[in-house]
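Here is a short tour of one sheet and its surroundings. Have the viewer open as you read, and follow along strand by strand.

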Amino acid sequence: MPCSYIGFIKYHNILYLQFIVMLLSTRAAGALVATVLTSTVVTASPAMPRSSGGLASCLPSDAQVVWRDGSATYALDAIGQAIFRTRTPAAIIFATSAADVSQSVKCANANGVVPVARSGGHSYEALSSLNDALVIDLSKMSQVTFQTGSDGSQQAVAPAGIRLGNLYTALYNKNPSFSFPAGVCPSVRLTVFISAQSWHYLTLACSLQVGLGGHVAAGGYGSLGRNHGLAADSVLSATVVLADGSITTASPTQNSDLFSAIRGGGGGSYGIVVDMTLAVATVPYHYVAALNYYPKDTAAVVKKWTTWLLNTLPKTNNPVPGSTTGATFDGRDVNMQLNLFQGSLQLRVHYSPSTQRSANELLQILTHSGMADTDSGFHWEWANNGADKPKQVTTMVAHAFAANPTNEATDDTSARAVVTVPQEHLDASWKDRSRLKSDYVSSAQVGPNLFTALAKAVTDSQKMSAWSMIQLEPYGGVIATGPSSPNAFPHRDVLFVVQYGLYFDKTNAKDPKIPAGIAWLGRTEAALKSVTTQAKYQGYVDLDVSTPGSSYYGSNLPALVAVKNRYDPNNRFWSDLVQPTSKNTIWFGNSFAH
C-alpha cells in the first residue's frame, strides 16, 4: 500500500529534505512474482518473437493500442509504477470490454506473443509488463454497478482494472457507509508537502493507484481487514478470460477451483479476471488517530505494540477502560499500523465499530494499551502537531486519513481530492524506483530477538542516505477465520506482516545511493530470518526469493498447480524471466495482474 512520504526529518543534527514513495497495502497491494512451481508437468511455453508481428491485423479495431515503435506514450505506458526493472512489451492494448480481452488473447496466441494482464500496474517487480509481450491493460474499464443479492445483501460489480481509490469513491457516492476491505494506503504518488516542524514530524501524501485485480489476486489486506477480512474474501464471483480466449464465470458453483485460485493464489497465471462481484461492507462509524515516537525507542515501542496485539485485540469483549456502564469493545474493530522510519516511528490507528461510539473511547483504548500512556516508558505525542488526536470522521475522510495521517483532508470535499485518482495513463509522477521485501511474524516469534532485530535495522538505516521504511501491519480477527467460501490465501495464522524496503531517485537509474541501500536491505533480511516464518506476502513480489512456491503459497501449492494445468494446459500465461528447465519444473504465472 504505497504511500508517498515527503518531509523534513532531522536526526544526528542533520536536516534532510526527503522525497519518498512508500508502498501500501494496502499495504495495497498485491502483485506476485512469476513463481517456479514443481511437481507437475506443464508443456513448455512458446518462443516469444522479437517484434509485434501480425498483432495489428487481429487486435480489436476500436481499442487504443500503444506500439513499441512509434507511439509517443510508449515509455510511460510500457511499464507500471515500479521502474527499478526495465520492460519493453511489443504493444499495450487498452481493453474496454471482456470481448476486447478475449480477442486480444486470441490474437496474441495466433502470433506466438505472450498475453500479460495489467489492472493497476503496481507490481513491485514490474511483472504486469514483459519484454515482447502484449500487455492487456484493463484501466479503461472503471464503471461500478450495484445490485442486491438474493439474501438482501448489497453487492457491487467492479472491473478488475479500477483503482482502489476510485472504487472507494464509487462506493461512497452510492452510500456514505459503503466500503470495501482493501488497501491500507491505497496507492502512490509523489506529491510534495514540506514541514519544518519538530525533528520527528513527517508529512505523508498518498494516492490510490493500486488495481483491484492484482490486489485481490494477492489476497489484499487493509485497515478493515481485522473486522471484515481480506479483499479476496469479499469476492462473490468473477468474469475470467481463459488462455484460449474463452470467457467464463468463476464462483462457488461454477469453476470453483478457479474461483479459489484467483482469490489469493496469484494472478495472471490461470486467466485474466475482467470483473468481480463484491460483497459491500457497511461501515458507518470511523475513528482515527496517529502518534509519533522516537526511533531510539524502537524496541520498547514494538514490544508494547505486540503485547497489545497479543493480549487485547484478539478478544471480542474487551472492557472499555474507564467505562462506568460495563461497556466493551471488539478488538477486531481496531487496526493499528506501526511504521518504523529513519527519523520517526508512527502508529496509525483506525477504529471502525459497528455501533456509534466516541473519540474518547478510542483515546481510552490507546491510553490503556500503553501506546499513548504517560507511564509507557517512552516518549510519544499526537502527530500533526497534536491535530491527530482521536476523532470521528466520515468514510471518505477515513480513506484519506489512511493515505495521509497528517490529515490535510478534514471534510468530504478535501478527502475526495486525495482518494479519487486518475484512472488511465499515469504520468511520470506516479512512478518510483524502489526495492521492497516482506516477512511474516507468528505469535511464537514475538520476543527480545525480534525487538532487537527491528531496532538494529532502524539504527542501521540512519547511516545511509537512501530512505528506508519498515512497516508492521496486524492480521488476526476475521483475516484469521477466513471466508465461508475458502480461497487460496495461505497466511491466515500469522500475527502480522513486515514490509521493508527503500526508495531511490526515480530520475536516475544509477543513483549512487543504490549500493548502500541494497546492502542495508540484505542485512535487514538476514537479521529477520531467524525471527520470522520465512513465508512471504505474494502482493509484495520479490524476484530474489529463493523458494517462491512454498514461501508465497505454502500448502496450497499443489492445488494451484492443478488449477494451472486445468485452465492453462499449454502455459500461455508465463514469463520469460525464468524459463522451464525440465519436465518436472514449470513456470507459474507472470504478472499477477497488479
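Which residue in the turn between β12 and β13 has a positive phi? In this predicted model, the residue is Gly245, with a phi of about 95 degrees. The turn belongs to a hairpin in which 5 residues separate β12 from β13.

Let us stay with β12, which spans residues 235–241. Of its 7 residues, 6 are buried, leaving the strand mostly covered. Val241 is a handy place to look: its bridge partner in β14 is Ile272, and in β13 it stands opposite Ile247.

Now for the wider sheet. It is an open one with 5 strands, ordered β8-β9-β14-β12-β13, and the pairing is antiparallel. The edges are taken by β8 and β13; each has a single partner strand, so one side of each lacks a neighbour in the sheet. On average, neighbouring strands are turned by 20 degrees against each other, ignoring direction.

The bridge counts for three of the pairings look like this:

| Strand | Partner strand | Bridges |
|---|---|---|
| β12 (residues 235–241) | β14 (residues 272–279) | 6 bridges |
| β12 (residues 235–241) | β13 (residues 247–250) | 4 bridges |
| β8 (residues 145–148) | β9 (residues 154–159) | 4 bridges |

In the pairing of β8 with β9, you can find Thr145 with Val157 as its bridge partner in β9.

Finally, take a look at helix α4, made up of residues 164–174. This helix lies across β8, β9 and β14, and runs at about 55 degrees to β8.

Definitions and conventions:
Residues are numbered from 1 along each chain as its sequence is written. This is a predicted model: local features need pLDDT of at least 70, side-chain atom pairs count only at pLDDT 80 or more; totals for chains, interfaces and linings use all residues. Side-chain values use heavy atoms; hydrogens and water are left out. Buried means under 20% relative accessible area, exposed over 50%, partly exposed in between (1.4 Å probe, protein chains only). Helices (H or I, at least four residues) and strands (E, at least two) are DSSP runs, numbered from the N terminus. Two strands pair if DSSP finds at least two bridges between them. Axes are lines fitted to C-alpha atoms, for helices over the stretch in contact, and angles run from 0 to 180 degrees between N-to-C directions. Contact means heavy atoms within 4.5 Å.
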